[in-house]
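This report is meant for a reader who is meeting the structure for the first time. Please look over the sequence and the model before reading on.

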Amino acid sequence: NSPGLWLPSQTVARAMSSSGGATPPYTTLAISRPTESITHVELHRPEKRNAMNSAFWSEMVTCFNELSEDPECRAVVVSGAGKLFTAGIDLMDMMNNVLQPEGDDTARISWGLKKKIRKFQETFSVIEKCPKPVVVAIHGACVGAGVDMITACDIRLCTQDAWFQVKEVDIGLAADVGTLQRLPKVIGSQSLVNELALTARKMYADEAKSSGLVSRVFADKEAMMAGALEIAGEIAGRSPVAVQGTKINLIYARNHSVADGLDYIATWNMSMLQTEDLMKSAQAALEKKSPKTKTYSKL
């Protein structure tokens with residue numbers, strides 16, 4: 001592999017944490033390439049606590065649709081600029097969208113509202129649909145729609161000062177862009193999910209880890225970003241055929257029976273096993289080396 005893939009994590013993490021502004025054409029996201037095969041997507045409205053405005057909801061879809069098709073990208077790291085990960089939806093910006101629906105009668109207003117909600121849902125579903133694994137790094141607050149977003153990611157990390165809040169009942173609605181559907185799949189306790197969603201209480205880092213919402217807790221943001229980059233580097237160094245097939249089949253298995261999942265992976269691998277990557281990875285194993293020592297073609 002080329003040296004660009006394996007820069008020292010701490011050095012790159014500092015650069016990742018001190019980006020300039022949003023990256024054109026985006027106004028709410030800063031996109032960078034800390035290494036040649038890892039893409040960093042940073043929520044970038046620090047002056048607004050990374051609150052999610054109208055532009056954000058469409059820019060995330062554009063961004064992740066592009067990453068899905070980008071053969072250079074093999075793993076994605078998502079983080080937030082500034083003092084916290086995200087305060088959730090930008091209420092002032094979004095209320096016009098939702099509280100002033102158009103239509104001649106109840107049926108037509110409802111039809112239009114459903115279309116809007118489905119559009120908002122797609123903002124986070126694109127993360128799940130993206131075949132590249134997504135590591136999300138959370139510091140400070142992760143509120144409301146932030147929880148909807150991180151539950152669509154594959155690997156969740158946080159800092160010791162992080163806290164999480166399913167905020168929607170506090171603003172008069174049931175969460176409708178992923179939390180109520182994905183959080184029960186992420187956390188092992190339905191009782192805890194119900195408590196968080198029905199009371200809107202804050203969950204802090206230690207409980208987030210013990211419940212399974214995050215897999216690692218770091219002392220501070222710099223250490224977390226280095227950890228996120230290291231995990232993404234491990235993923236990016238392996239066969240993209242193996243990695244992307246694994247993500248797709250994990251999500252399929254979560255949503256289907258064991259029998260259906262076994263049938264799907266059998267159908268999947270009847271073609272995917274016919275890859276040069278298998279021989280390269282096997283050779284690395286025989287040589288007692290990491291698969292990262294092999295160069296895999298783009299996918």
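What follows describes a predicted model, going from its sheets to its salt bridges and then to a patch on its surface.

## The six-stranded sheet

One open sheet is built from six strands, in the order E1-E2-E3-E4-E6-E9, with mixed pairing. Strand E1, residues 29-35, and strand E9, residues 216-218, stand at the edges. Each has a single partner strand, so one side of each is left without a neighbour in the sheet. On average, neighbouring strands in this sheet are turned by 25 degrees against each other, direction ignored.

Strands of a sheet pair through backbone hydrogen bonds, and the pairing can be parallel or antiparallel. Both senses occur around strand E2. E1 and E2 (residues 38-43) run antiparallel and are joined by five bridges. In this pairing, Ser 32 has His 40 in E2 as its bridge partner. The two strands form a hairpin, with two residues between them. On to E3, strand E2 makes six bridges, and these two strands run parallel. Here the bridge partner of Thr 39 is Val 76 in E3.

How many of the six residues of E2 are buried? Six of the six are, and the strand is mostly covered. In a regular strand the side chains alternate between the two faces of the sheet. In E2, Ile 38, His 40 and Glu 42 point one way, while Thr 39, Val 41 and Leu 43 point the other way. The residues of both sets are buried.

In the neighbouring strand E1 lies Ala 30. Its relative accessibility is 6%, so Ala 30 counts as buried. Between Ala 30 and Arg 49 there are 15 Å in space, C-alpha to C-alpha, and the two are 19 residues apart in sequence.

A helix lies over part of this sheet. Helix H2, residues 54-69, lies across E1, E2, strand E3 (75-80) and strand E4 (134-138). H2 runs at about 25 degrees to E1.

## The three-stranded sheet

A further open sheet has three strands in the order E5-E7-E8, again with mixed pairing. Its edge strands are E5 (141-143) and E8 (202-204), each of which pairs on one side only. From one strand to the next, the twist averages 20 degrees. E5 pairs with strand E7, residues 163-165, in the parallel sense over three bridges. Within this pairing, Cys 142 stands opposite Phe 164 in E7.

## Salt bridges

Side chains of opposite charge can pair when their charged atoms come close. The model has a count of 16 salt bridges. The table gives some of them.

| Acidic residue | Basic residue | Distance, N to O |
|---|---|---|
| Asp 90 | Arg 45 | 3.0 Å |
| Glu 195 | Arg 201 | 2.6 Å |
| Glu 207 | Arg 201 | 2.7 Å |

Which parts of the chain does the salt bridge between Asp 90 and Arg 45 tie together? Asp 90 lies in the loop between E3 and H3, and Arg 45 lies in the loop between E2 and H2, so the pair ties together parts that are 45 residues apart in sequence. Asp 90 and Arg 45 are both buried.

Arg 201 meets Glu 195 in one salt bridge and Glu 207 in another. The relative accessible area of Arg 201 is 25%, and the residue is partly exposed. Glu 195 also counts as partly exposed, at 35% relative accessibility. For Glu 207 the relative accessible area is 26%, and this residue is partly exposed. Elsewhere, Glu 128, Arg 182 and Arg 254 are joined into one network by salt bridges that share partners.

## A nonpolar patch

Which residues make the nonpolar surface patch of about 340 Å²? The patch is made by Ile 89, Leu 91, Met 95, Ile 171 and Leu 173. Of these, Met 95 lies in helix H3, which spans residues 91-99. At 31% relative accessibility, Met 95 counts as partly exposed, because that category covers values between the 20% limit for buried and the 50% limit for exposed.

Definitions and conventions. Residues are numbered from 1 along each chain as its sequence is written. This is a predicted model: local features need pLDDT of at least 70, side-chain atom pairs count only at pLDDT 80 or more; totals for chains, interfaces and linings use all residues. Side-chain values use heavy atoms; hydrogens and water are left out. Two strands pair if DSSP finds at least two bridges between them. Helices (H or I, at least four residues) and strands (E, at least two) are DSSP runs, numbered from the N terminus. Axes are lines fitted to C-alpha atoms, for helices over the stretch in contact, and angles run from 0 to 180 degrees between N-to-C directions. Contact means heavy atoms within 4.5 Å. Patches are made of residues with over 30% relative accessible area and no salt bridge: like charges are joined within 9 Å, nonpolar side chains (Val, Leu, Ile, Met, Phe, Trp, Tyr) within 5 Å. Accessible areas come from the Shrake-Rupley method with a 1.4 Å probe; for residues, only the protein chains shown count as cover. A salt bridge is a side-chain nitrogen of Lys or Arg within 4 Å of a carboxyl oxygen of Asp or Glu. Buried means under 20% relative accessible area, exposed over 50%, partly exposed in between (1.4 Å probe, protein chains only).
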